[in-house]
Amino acid sequence: MAKLMLDVRQLTTKYITRTGEDVYSVDHVSLTIEEGKSLGIAGESGCGKSTLALSLMGYYFPPLHYTSGDIIVDGKNITGMDPDTIRKTVLGSDVAYIPQAAMNALNPTRKVGKFIEDVIHAHELPMDKKQIREMAEQRFALLGLPVDALDKHSVELSGGMRQRVVIAVSTILNPKVLIADEPSSALDVTSQKMVIKMMKDMMAKGLVKSMIFITHELPLLYNVTDDIMVMYAGQIVERGTAKEMVFDPIHPYSRGLMRSILVPEEGTRDVKLTAIPGTPPNLKHPPQGCRFAERCRYATEACKFNQMPLLDIGGGRYYRCGHSVEHLREVYEGED
Amino acid sequence: MTKGMRKYFKKKIFWFVITFIAAVVLNFILPRLMPGDPVNSIVGKNISPGATQEQVQEQITYYKHQFGLDKNIFGQFWDFVKNAFNGTFGVSYSQYPRLVSDIIGSSIWWTVALQLPAILVGWLLGNLLGALAAYKRSFYDKALMPLTLFFSAIPAFGASVILLVIFAVTLGWAPVNGAFDPGMIPGFNWKFISSVIAHYQLPFWSIVLISIGGQAVGMRSMSIYELNADYVKYARFLGIKDKKIVRYVFRNAMLPQVTGLAMSIGSMVGGALVAETIFSYPGLGMSMYAAINSSDYPVISACTLIITIMVLIASFMLDIIYAFIDPRVKAAQFD
């Protein structure tokens with residue numbers, strides 16, 4: 001078995017609202033990623049996928065708070081480390097982050113090259129200005145970015161270029177885990193393709209040891225990541241390989257999600273697009289039983305009251321549902 | 001300097017010249033639209049009670065000729081332009097035969113010495129308070145911001161009068177008016193300087209107090225906006241120190257505040273009017289106030305021209321400064 005780059009065990013984090021209520025947006029999430037692998041996380045808006053991304057950094061700002069669980073990066077448990085140690089030794093170097101709005105992620109009054117200097121200095125690496133500059137130039141050239149972008153402010157770069165610069169800056173310290181939160185969703189298709197290509201490239205060149213890719217665009221995940229995980233209401237509802245998840249989803253929510261979006265691959269041509277009715281539950285007061293039961297067309301009375309554990313069915317496949325795999329497959333077949 | 005920059009500044013200068021010409025014309029016309037005849041009031045003051053109608057008429061004709069008011073409006077305008085260019089601005093009506101440049105020369109330094117430090121101190125304190133309120137929230141935000149808001153909401157004359165009543169009249173800590181004790185001869189000695197410093201306090205702090213409020217409110221909201229900007233979150237997750245991020249934030253939040261500073265420096269002569277009048281401070285504001293009361297056209301025009309020129313220079317400087325401190329402005333203007 002390959003080396004585990006990221007091993008998250010029962011991670012729970014919460015938001016504390018202004019009125020003092022706890023909202024558990026990441027609820028006992030466990031996941032592993034091996035070296036050289038990538039994991040896609042999909043789900044509706046508000047399912048907790050972006051919060052999961054933030055939570056995995058181990059560096060929390062109000063209103064987000066850590067509750068319990070472990071985050072182990074390449075054998076090192078980063079939970080419980082003091083914030084300044086995390087800042088210096090984990091952020092950017094162990095776990096790097098590409099924000100959702102990467103277009104606006106650069107300080108408008110700081111040149112890209114200067115910002116890279118700041119990043120290196122923040123980690124107290126023994127490099128002088130010249131060395132940093134050389135390193136940055138090499139990295140930009142390696143990733144096919146124009147070197148003169150280092151002397152520019154973000155406003156002087158196009159949207160797609162800004163995005164790629166952010167990716168290059170995020171990965172400048174060769175992170176073990178790269179967490180990309182919808183890095184391409186604000187881009188046009190051409191720029192999207194370039195961003196995806198760049199990220200795959202970085203994986204192939206070993207600049208990034210493993211990757212989590214968060215998006216609501218499933219077709220994208222199928223082409224980019226090895227595995228896909230589906231989240232709903234702060235919990236993992238299913239995990240499998242990209243192919244399994246797209247063509248053979250088990251959980252009714254995963255199935256609904258796959259069926260609501262076109263995947264431009266063979267075998268999906270005759271699939272009718274259907275929307276999932278209803279909206280996700282309010283996590284201030286999560287449902288007692290299965291969190292998806294309210295919207296699930298296969299739900300029984302029991303689903304609404306029984307807590308659903310995440311079931312391991314072997315081969316890296318997990319799902320969280322009261323029905324058996326056989327039962328669900330049978331029902332699905334009857335529908336097609 | 002790039003080609004884009006040159007083109008941009010050429011265009012700017014062109015428009016500043018147009019604005020300047022329009023301002024000169026308006027500075028000439030507007031005082032003359034005021035009710036009241038300057039010559040009549042001067043003659044009325046100077047003539048002996050038993051003078052005959054002819055003598056009065058003779059006096060009026062004499063002064064009209066001296067002031068050039070017997071010429072038609074174009075002739076008067078030509079005089080005005082000529083005097084403006086030779087730097088004298090002509091002869092004052094109410095303090096005849098004193099030159100306008102002499103009146104302004106003796107009062108403008110009082111205004112600059114009062115206003116410039118007050119504006120700078122007010123701006124610095126205001127921005128500091130606003131930044132603290134945004135960054136620390138809790139105490140600063142809850143206790144200090146309402147207070148500064150309160151002060152910024154008081155009209156300038158109101159704040160000055162309140163200070164005057166409390167500190168000069170009731171407590172007697174500071175003199176009531178003037179820039180130094182009456183009867184004192186200005187000179188470089190300790191007695192005179194200490195008198196000037198004592199007289200300086202109230203007008204100075206009244207201006208500071210008022211400018212703090214406006215600056216603090218602006219800086220606070222800009223800082224809060226910047227603190228929540230995406231680049232802050234990104235920089236944090238790249239491991240950049242909070243201290244550094246705070247520097248990013250305040251640098252960016254300061255940018256719009258520079259406009260406020262330049263504009264209050266540019267318009268300080270006009271802004272001086274209220275405080276100077278209330279504290280009878282012998283600055284340009286007082287000169288202008290007195291000139292308006294006696295329809296002293298050359299003095300009014302000279303004062304308003306100074307205001308115009310200072311505002312124009314300030315906004316021109318702003319354009320240049322922004323090109324250097326804000327790459328967004330630079331990108332928008334020079335391409």
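The legends below describe close-up views of a predicted model. Residues are numbered from 1 along each chain as its sequence is written, while chains are lettered from A and ligands numbered from 1 in the order in which they are written. In this predicted model, local features need pLDDT of at least 70, side-chain atom pairs count only at pLDDT 80 or more, and totals for chains, interfaces and linings use all residues.

**View 1. Strand 7 of chain A is mostly covered.** Strands (E, at least two residues) and helices (H or I, at least four) are DSSP runs, numbered from the N terminus. In strand 7, residues 177-181, 5 of 5 residues are buried (20 or more other C-beta atoms within 10 Å of the residue's own, the C-beta atoms being placed from the backbone). In a regular strand, side chains alternate between the two faces of the sheet. Val177(A), Ile179(A) and Asp181(A) lie on one side of strand 7, and Leu178(A) and Ala180(A) on the other.

**View 2. Strand 7 of chain A pairs in the parallel sense with strand 6 and with strand 8.** Pairing requires at least two bridges found by DSSP. Strand 6 (residues 95-98) shares 4 bridges with strand 7, and Tyr97(A) has Ile179(A) as its bridge partner. Strand 8 (residues 210-214) shares 5 bridges with strand 7; here Val177(A) is partnered by Ser210(A).

**View 3. An open antiparallel sheet of 4 strands has the order 2-1-4-5 in chain A.** Strand 2 (22-34) and strand 5 (76-77) are at the edges with a single partner strand each, so one side of each lacks a neighbour in the sheet. Strand 4 (residues 64-73) is joined to strand 5 by 2 bridges, and Val73(A) stands opposite Lys76(A).

Technical notes. Buried ≥ 20, exposed ≤ 12 C-beta atoms within 10 Å, placed from the backbone.
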